[in-house]
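Hello,

Here is the structure I promised to pass on to you. Have a look at it first, and then read my notes below.

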Amino acid sequence: MKNAGFDLWFVTGSQHLYGEETLRHVADDSEKIAAVLDDDESIITRVVFKPVLTTSEAITSLCLEANNDNRCAGIITWMHTFSPAKMWISGLSKLNKPFLHFHTQYNRDIPWETIDMDFMNLNQSAHGDREFGYICSRMRLSRKVVTGHWSDSEAIASIAVWARAAVAALDARSLRVARFGDNMRDVAVTEGNKVTSQITLAYEVHGFGVGDLVAHVNQIPDYEISGLLKKYSDEYHVASDLLQSASLKEAARIEAGMRSFLEEGNFKAFTTTFEDLHGLAQLPGLAVQRLMADGYGFGAEGDWKTAALVRNMKVMASGLHGGTSFMEDYTYHLDPAAMAGLGAHMLEVCPSIASEEPSLEIHKLGIGGKNDPARLVFRAKTGRALNASLVDLGTRFRIILNTVEVIEAPLMPKLPVASVLWQPKPDLKTAATAWIYAGGAHHTSFSQSLLPEHIVDFSEMMGVECLIIDEKCNIEEFKKELRWNDLFYHINKGIC
Ligand code: MN
């Protein structure tokens with residue numbers, strides 16, 4: 001389904017050398033390609049044709065217009081003919097939206113019988129796109145290059161992935177994260193430089209005392225709580241006596257209070273910490289789970305980076321099959337015949353990843369020293385998925401992703417939380433070793449919907465390093481990549 005809120009602009013470069021008739025052909029062909037991309041349901045945005053560009057002034061003006069257009073998530077460029085690339089320098093140096101260079105050609109096949117110099121002069125992307133690519137590389141511009149005919153399903157799929165990343169990058173630019181309480185004391189990886197993150201990733205992180213949240217929670221009228229209890233009984237397995245319990249009513253009050261706080265402040269992600277619950281009767285579990293299911297990013301123990309990443313990935317995955325959740329590598333099954341990792345958290349796993357109708361339950365929680373919290377208990381769908389972690393290395397941010405296969409877990413009758421059992425790629429030993437060398441966190445954003453390519457494209461747009469641990473991972477090569485990247489990220493802005 002097209003996301004009505006966002007556009008990609010289809011921008012074709014040319015020059016005046018060829019005369020008006022050729023330029024009319026260029027415009028017609030470009031408009032057709034833009035229309036095909038626009039009609040393609042896998043591309044989540046609209047694709048809007050823009051008039052063919054032939055001068056530096058027109059290119060600059062279009063790039064500035066794209067910067068200022070709130071609907072424009074990025075631009076797709078294509079050189080149907082040769083377009084001398086010096087004319088792109090001014091515009092591209094000012095463009096602050098992501099761009100994809102679609103290296104395509106109007107005709108799929110060479111018309112062997114009829115090809116002449118007029119045809120050659122009209123269909124020049126084989127060399128025109130190289131001239132454009134040169135200036136992008138010369139200017140060290142981050143972009144995605146996709147090669148293939150515009151009817152090629154692989155090329156379209158790659159554009160569709162990038163379109164989702166562009167929408168998430170645009171959402172990230174206005175992402176406000178609310179932190180209820182601070183970081184869990186003494187934990188390192190959940191910390192990070194919030195000023196650098198706002199400069200690099202555009203995340204705004206706002207801290208609040210838990211009392212600010214409690215004030216919202218305490219103002220929730222009883223009828224709102226009754227409405228929520230009705231929803232709970234409609235959407236989940238709930239024991240009938242539980243619906244009458246004071247504890248569940250309190251969980252509903254916390255949910256409504258959190259939601260009103262986040263809506264009022266236009267926050268799309270948030271954190272909690274069990275070490276700071278002053279005035280809250282229980283650790284928010286059900287509330288966090290339901291807010292995540294509605295698209296909010298979440299990180300536990302003050303982890304604002306993971307909260308923001310969960311939000312980014314939820315935006316990227318919007319409408320795709322499968323869910324996305326805050327996650328933690330909790331415990332391992334190290335049987336050599338079937339090594340696996342069990343992902344879970346104390347309470348806060350998003351029901352969008354569930355394989356079954358969640359069961360709403362209240363159990364004792366040893367940590368936090370509060371009343372027994374409500375939570376949804378379920379197991380996750382099996383199949384392909386990935387975990388992604390965002391860490392602050394001091395001089396830069398790094399995203400690490402690991403592809404996994406979610407497998408059926410044996411029954412765990414005494415485990416009262418949602419959980420996921422996975423086999424990491426290429427195998428648990430290699431994946432965990434690489435993850436630890438890379439400094440990946442125990443908290444992650446887990447997604448059943450996204451491909452590594454989504455995260456790679458998003459990282460590229462945000463200017464963040466992205467390391468992939470998948471079936472091709474080899475520890476010795478991975479260690480070299482870590483060492484080389486350390487150098488690269490110190491010099492990639494240019495040293496001359
Ligand atoms: Mn945790």
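**What I found**

Leucine 360 sits across from leucine 376, a residue of strand 14. Please keep in mind as you read on that this is a predicted model.

That leucine pair leads into a small open sheet. Three strands make it up, in the order 8-13-14, and their pairing is mixed. Strand 8 (237-238) and strand 14 (374-377) are the edge strands, each with a pairing on one side only. Between strand 13 and strand 14 there are four bridges, and the two pair in the antiparallel sense.

Next, the metal site. Which residues coordinate the manganese ion? They are Glu301 (OE), Glu328 (OE), His345 (NE2) and His443 (NE2), at 2.1 to 2.2 Å. Along the chain, the donors of the manganese ion have the spacing E-x26-E-x16-H-x97-H. The two histidines link distant parts of the chain, as they are 98 residues apart. Histidine 345 lies in the loop between strand 12 (340-344) and strand 13 (359-362), whereas histidine 443 belongs to strand 18 (residues 443-447). Both histidine 345 and histidine 443 are buried.

You may also enjoy strand 3 (residues 72-79), which is mostly covered: eight of its eight residues are buried. Strand 3 has parallel neighbours, beginning with strand 1 (residues 7-13), to which seven bridges join it. One of the contacts here puts glycine 13 opposite its bridge partner in strand 3, methionine 79. Strand 4 (residues 99-103) also runs parallel to strand 3, and three bridges join the two. Here isoleucine 75 has phenylalanine 99 of strand 4 as its bridge partner. Together with helix 3 (residues 86-94), strand 3 and strand 4 make a right-handed β-α-β unit.

Finally, the cysteines. How many disulfides does the structure hold? The count is zero. Why does cysteine 72 form no such bond? The closest cysteine sulfur, that of cysteine 63, is 9.7 Å from the sulfur of cysteine 72, so the pair is too far apart for a bond; a disulfide would need the two sulfur atoms within 2.5 Å. Cysteine 72 counts as buried because its relative accessibility is 0%. Cysteine 350 likewise has a relative accessible area of 0% and is buried.

Happy browsing, and best wishes

Conventions
Residues are numbered from 1 along each chain as its sequence is written. This is a predicted model: local features need pLDDT of at least 70, side-chain atom pairs count only at pLDDT 80 or more; totals for chains, interfaces and linings use all residues. Side-chain values use heavy atoms; hydrogens and water are left out. Buried means under 20% relative accessible area, exposed over 50%, partly exposed in between (1.4 Å probe, protein chains only). Donors are N, O and S atoms within 2.8 Å of the metal (3.2 Å for Na, K and Ca); water is not among the atoms, so sites may look incomplete. Two strands pair if DSSP finds at least two bridges between them. A crossover is right-handed if, with the strands pointing away from the viewer, the path from the first strand over the helix to the second runs clockwise.
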